Amino acid sequence: MNKRKINLSEATTKEKETKFFELLVTLFFSGLAIYLLYIAYTTEKVSNTQVFMIKAMTIPKIVLYVMLVLSLVVLWQTLSWYFHHGWKNVWPAFLKLIPLRTLLTFLLVIVYVKLWDVLGFSISTFLFFAVESKLCKQEQSIGKTLLISLIFSVAVYLIFVVGFSMFLPEPILDLIIYG
């Protein structure tokens, strides 16, 4: 059986998309498993609780190791596919799959969550919703975008803080209100 090396440009678009997303997902799950295993081992040192003679983190560790092994197997298969088909034109095909707005939204969500402890939930929500609204509807006026963002932020605050009695991080508002 003489397998000839096929150029990646000869693979179908569906194959390219599938393999690239397999690559991303397996990298994500491999990283997640490694991170959660780290948490499991460091948590065990703090809390050495035992349940029926088994340490509390034994089952999660087993599940995470299985997840890691399976992710690495799929990662190996995906990388083998790329090696067999060649690496030419991998990234340009990927960049055409995800619109710029989607990447910006993903980055905005990360920044939004990170700003909760700095600016607080309400201010971060207002800023996120304003920027995201402007990103999605660029033709909408700034005034209308800010007004809708303000209404949305107040509604979310009222629903969660007043309605559900949840505590949300509000360092700046606490400083303003409580001095």
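Colleague: Which residues in H6 are met by residues in H5?
Modeller: This is a predicted model, in which local features need pLDDT of at least 70, side-chain atom pairs count only at pLDDT 80 or more, and totals for chains, interfaces and linings use all residues. Residues are numbered from 1 along each chain as its sequence is written, and side-chain values use heavy atoms, without hydrogens and water. Helices (H or I, at least four residues) and strands (E, at least two) are DSSP runs numbered from the N terminus, and contact means heavy atoms within 4.5 Å. Phe121, Ser122, Thr125, Phe126, Phe129, Ala130, Ser133 and Lys134 in H5 meet, in H6, Ile142, Thr145, Leu146, Ile148, Ser149, Leu150, Phe152, Ser153, Val156 and Tyr157.

Colleague: At what angle do H5 and H6 pack?
Modeller: Axes are lines fitted to C-alpha atoms, for helices over the stretch in contact, and angles run from 0 to 180 degrees between N-to-C directions. The axes of H5 (residues 121–136) and H6 (residues 142–163) are 8 Å apart, and the packing angle is about 140 degrees.

Colleague: Which orientation class does that angle give H5 relative to H6?
Modeller: Angles under 35 degrees count as roughly parallel, over 145 as roughly antiparallel, 65 to 115 as roughly perpendicular and the rest as oblique. The angle between H5 and H6 is about 140 degrees. H5 is therefore, relative to H6, oblique.

Colleague: How is H4 oriented to H5?
Modeller: H4 (residues 100–119) and H5 have axes 8 Å apart and pack at an angle of about 165 degrees. Relative to H5, H4 is therefore roughly antiparallel.

Colleague: How do the residues of the contact of H4 with H5 divide by class?
Modeller: Among the residues in H4 that meet H5 are Leu104, Leu108 and Arg101. Ala, Val, Leu, Ile, Met, Phe, Trp, Tyr, Cys and Pro count as nonpolar, Asp, Glu, Lys and Arg as charged, and the others, Gly among them, as polar. The contact of H4 with H5 has 14 nonpolar, 3 polar and 2 charged.

Colleague: Where in the chain is confidence highest?
Modeller: pLDDT is the predictor's confidence in each residue, from 0 to 100. The chain averages 77, and 77% of the residues score at least 70. Confidence is lowest in strand S1 (residues 50–51), at a mean of 46, whereas the highest value, 89, belongs to H6.
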